[in-house]
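Subject: The structure we talked about

Hi,

Here is the structure I promised to pass on. Have a look at it first, then read my notes below.

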Amino acid sequence: IADRREGIGVCGWILVSLSFLLVLISFPISIWACIKVIREYERAVVFRLGRILSKKAKGPGLILVLPCTDTFIKVDLRTVTCKIPPQEILTKDAVTTQVDGVVYYRIHSAVSAVANVTDVHSATSLLAQTTLRNVLGTQSLAQLLARREEIAHSIQAILDSATEQWGIKVARVEIKDVRIPVAMQRAMAAEAEAAREARAKVVAAEGEMNASKALKQASMVLAESPAGPQLRYLQTLTTLAAENNSTIVFPLPINMLESLGQKNRGG
C-alpha cells in the first residue's frame, strides 16, 4: 500500500479520496456504476490514475471500480483458435509449397497481455505466420511431408518461448495442409510408380530364383528313385482327367525314346 501511495503521489490520493467521497454521497445510486461483474473465464486489469492497481488481475466475481480515477480492461482467458492463412514457402530443396495451420493458445497472465503488447491476438497471429515460414524453410519437401508432428512441436516450442513475456501459453500447433504444384505432383506420382515397378521386378526375379532352386532340389529327389518320374507322370494324368479335358497329353520318358532310337540305329 505504501508503494502505491508513493506511486500515485499526494495529488493522486487526493483525487482518490474525492472519488470515494463522491461514491459515499451518491450512495446507493453510485454503487451500480462502481460494482462490475467479472465472469469465471475473465479477469479485469484495473488502472488507477493510469497505473495498474496490483500485479494480479481482479476476478472472477464482483470488483469495485471508483468513478473518474479507475478504468479497467477485461481479458478473456479461454483458449483461442488462431488460423494461419496459407503461406508461400520455398523449401530447402527449392520446391514452392503452400502451407497453412492452426495455433491454439490462451492467456495465462492478464496483466502481461495488457501491459506488454498492444494487441496480443494480432501479435501472436503474425508471429505464428513468421515462425511457420522460418521453420519450414529449413526443411526439404520429403521432411515436410513425413515429419509434420515433429515440425509442429518445434513451432510450438518457439512460439511458446517468444510469447511468454506477453502472458501467452501456446497449447498446440497443427499443420493442416501442404499444397504443392500440379507438375510436382505428377513428377512425384511418376517417381513413385517407377519405384513400385522396380520393386515388383525385383520381387518377380527373386521368385523365379527361388522357384528354380526348388525345381533343382525336386529333380535331385526324383533322380534318386527310378520309379519317381513315372509316379509323377501318373499324378499329372490324374490332375488332367479331373478337369474334364477332351484331350490328354501322355508324356513319355526321354530315356525310353533314346532307347528306341538306339535300337532303330542298330537294326
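How far apart do the end C-alpha atoms of residues 12-35 lie, and how much of the span is helix? The two ends are 21 Å apart, with 75% of the span in helix and 4% in strand. I picked that stretch since the UniProt record, an unreviewed entry, places a "transmembrane region" at residues 12-35.

Before you go further, keep in mind that this is a predicted model. The mean pLDDT of the chain is 82, and 83% of the residues reach 70 or more. Among the elements, helix 4 (residues 120-136) has the highest mean pLDDT, 93, while helix 9 (residues 254-266) has the lowest, 56. Go carefully at the start of the chain too: over residues 1-6 the pLDDT stays under 50, and the model has just 3 contacts there beyond four places in sequence.

Now for the strands. Strand 7 (residues 96-107) has a partner in strand 6 (residues 80-90), and the two run antiparallel over 9 bridges. If you want one pair to find on screen, try Glu88, whose bridge partner in strand 7 is Gln98. The hairpin these two strands make has 5 residues between the strands, and Ala94 takes a positive phi there, near 65 degrees.

Strand 7 also pairs with strand 8 (residues 168-179), again in the antiparallel sense, this time over 10 bridges. Here the pair to look for is Arg106, standing opposite Lys169 in strand 8. While you're there, remember that side chains in a regular strand alternate between the two faces of the sheet.

Cheers

Definitions and conventions
Residues are numbered from 1 along each chain as its sequence is written. This is a predicted model: local features need pLDDT of at least 70, side-chain atom pairs count only at pLDDT 80 or more; totals for chains, interfaces and linings use all residues. Side-chain values use heavy atoms; hydrogens and water are left out. Two strands pair if DSSP finds at least two bridges between them. UniProt positions are given in the numbering used here, feature names are shortened, and annotations may be inferred rather than shown by experiment. pLDDT is the predictor's confidence in each residue, from 0 to 100. Contact means heavy atoms within 4.5 Å.
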